[in-house]
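Trainee: I have a model open and would like to talk it through with you. Shall we take it piece by piece?

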Amino acid sequence: ASAQSIVTMGSAVILDEGDLGIEGASVSPDGKAILAHGAESTIFLIESETPGNHSRVASNGVESLFDSSFHPSGNTALLVGEGGTVLRYISGNRTIENAGGSSTFGSTELKSVSWNGDGSWAYIGGEGGWIWRFRGLEGGGVEAIPLENRGESDVNAISCLRGYNICIVSSSVDGIGIINQEHELFWIGGYGNPWVDVACPSSIATACVVISTDLTIARIWINIEEPSKTTIFENDIVQLQGFEGIMTGISIQTDGSSLISMAPFGLIEHDIEKSRSFHWLDNYDAVNYDASISGQRIVSTWGTGEFEGWIITDRGTIVSFTTVTQEGRGSMLEIWVGIIILGGTTLTVASLLTSSSPRLSRWVTKMIGSEEERKSAIREERRLSRKKGRA
């Protein structure tokens, strides 16, 4: 069967035997290191370009670790999880030290963590709406201050703008919040949606993308001067059509572009500048690649190029992805954007274009035609290739 996805899966790396219970991964500021973490305080350090080069980081804990965030300097990272657990990873010697616990956070299950733009504070979110601002002190102590105006539902994700001390919060019921430079929390909309993750992918646009399990996406354009006046307009929250499954997470792919993880196994790309979402990897093609891997849960992705990168699953399987064809790089997304934006009008335009270009006609047929039409187009290309060779 011909692949329908924009990207195809390639080589695979297995971190260790058995089910590792990986819950997430974070990328270092220089993009070279990946910190993966999960059940029983399992932590792996992975080279982003060559994941075959990886090592387990020693940790004495037994708690599940749900989220992590590198400091903007890249020298340390925080990991948070069950029972108020906060760990600090030290990049210089690749060690782990305790940075918090029940004495600071009680027995709260900590679900999210993110450093603000200048690395002066990290925000830690947990069950029951709890959010703290957190930092280390000289002498090894820590400071953790609860934020006021918290909600009552779980804080599933926090993401901060690069270069600004402004962060977006996603919650299970209370909606979407924003934290300003004075550590004040304001709820700005989206109440009732099950928001599960957020990413702020652009180094230029002051915007973030929040996703929910029900295929709803919110685009947040942040008022930098007065964050509390940030508004979510009606057309900033859209429910995707033509996609199947539930959204489970979002990761930055390239500047301005994010990949949304799906269950069952699949990927959707979201371009924040175009405000458009595209099929990247369909479950059908993942099943054809390896049914056992397609049955695993995607917990994170990271990019190594515009259309290249890696997927990591809950079992600790890492799979590469790349474009289906090299020549499709520049034009494939333009075709899909045209189909989504222009709707029925596109059929007329495409008809005119393809009638004047047999080569384009065959390409479009292979992309969106029926199985029989695609086979016919491939046979025609082979026939023309043989004819050209004889000439």
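Trainee: In the open sheet of four strands, what is the strand order?
Mentor: Keep in mind that this is a predicted model. The pairing in this open sheet is antiparallel, and the twist averages 25° from one strand to the next. Strand 1 (7-14) and strand 26 (298-303) each pair on one side only, as edge strands. Read across, the order is 1-28-27-26.

Trainee: Which residue in strand 28 stands opposite isoleucine 14?
Mentor: Strand 1 and strand 28 (residues 317-323) run antiparallel and are joined by six bridges. Within strand 28, the residue facing isoleucine 14 is threonine 317.

Trainee: Why can strand 23 be called largely enclosed by the rest of the structure?
Mentor: Let's use the cut-off: a residue is buried when its relative accessible area is under 20%. Strand 23 covers residues 257-263, seven residues in all. Strand 23 is largely enclosed because the number of its residues that are buried is six.

Trainee: Which residues are the bridge partners of methionine 262 in the strands beside strand 23?
Mentor: On one side, strand 22 (residues 246-254) pairs with strand 23 in the antiparallel sense over seven bridges. On the other, strand 24 (residues 266-271) also runs antiparallel to strand 23, with six bridges. Methionine 262 is thus matched with methionine 247 and, in strand 24, with glycine 266.

Trainee: Which residue takes a positive phi in the hairpin of strand 22 and strand 23?
Mentor: Two residues lie between the strands in that hairpin. Strand 23 is also joined to strand 24 by a hairpin, again through two residues. In the hairpin of strand 22 and strand 23, the residue with a positive phi, near 90°, is glycine 256.

Trainee: Where does the largest nonpolar core draw two or more residues from a single element?
Mentor: This core has 17 residues, and Leu161, Ile168, Ile176 and Cys208 are among those with the most contacts inside it. Isoleucine 168 touches residues beyond its neighbours within four places in sequence, including Ile176, Val198, Cys208 and Val210. The elements you want are strand 16 (176-179), strand 18 (195-199), strand 19 (207-212) and strand 20 (216-221).

Trainee: How many residues does the other core have?
Mentor: This other core lies apart from the largest one. Among its members are Val7, Phe265, Ala286 and Val319. Its count is 16 residues.

Trainee: How many disulfides does a search of the whole structure find, and what is their pairing?
Mentor: Cysteine 160 is bonded to cysteine 167, with 2.0 Å between the sulfur atoms. Another disulfide joins cysteine 200 to cysteine 208, also with S to S 2.0 Å. The search finds two disulfides, and with the bonded cysteines numbered in sequence order, the pairing is 1-2, 3-4.

Trainee: Are the cysteines of the link between cysteine 200 and cysteine 208 buried or exposed?
Mentor: That link is right-handed, with 95° about the S-S bond. Cysteine 200 has a relative accessible area of 3%, and cysteine 208 is at 0%. With under 20% as the cut-off, cysteine 200 is buried and cysteine 208 counts as buried.

Trainee: To finish, what share of the residues in the whole protein is buried?
Mentor: The protein has seven helices and 28 strands. It exposes about 17,900 Å², of which carbon and sulfur atoms supply 48%. Of its 391 residues, the buried share is 48%.

Terms used:
Residues numbered from 1 in each chain as written. Predicted model: local features only at pLDDT ≥ 70, side-chain atom pairs only at ≥ 80, totals over all residues. Heavy atoms only, no water. Disulfide = S-S within 2.5 Å. Buried < 20%, exposed > 50% of the residue type's maximum accessible area, 1.4 Å probe, protein only. Areas by Shrake-Rupley, 256 points an atom, 1.4 Å probe, with all protein chains shown as cover. Pairing = 2+ DSSP bridges. Axes fitted to C-alpha atoms, helices over the stretch in contact; angles between N-to-C directions. Core = buried A, V, L, I, M, F, W, Y, C linked by side-chain atoms within 4.5 Å. Contact = heavy atoms within 4.5 Å.
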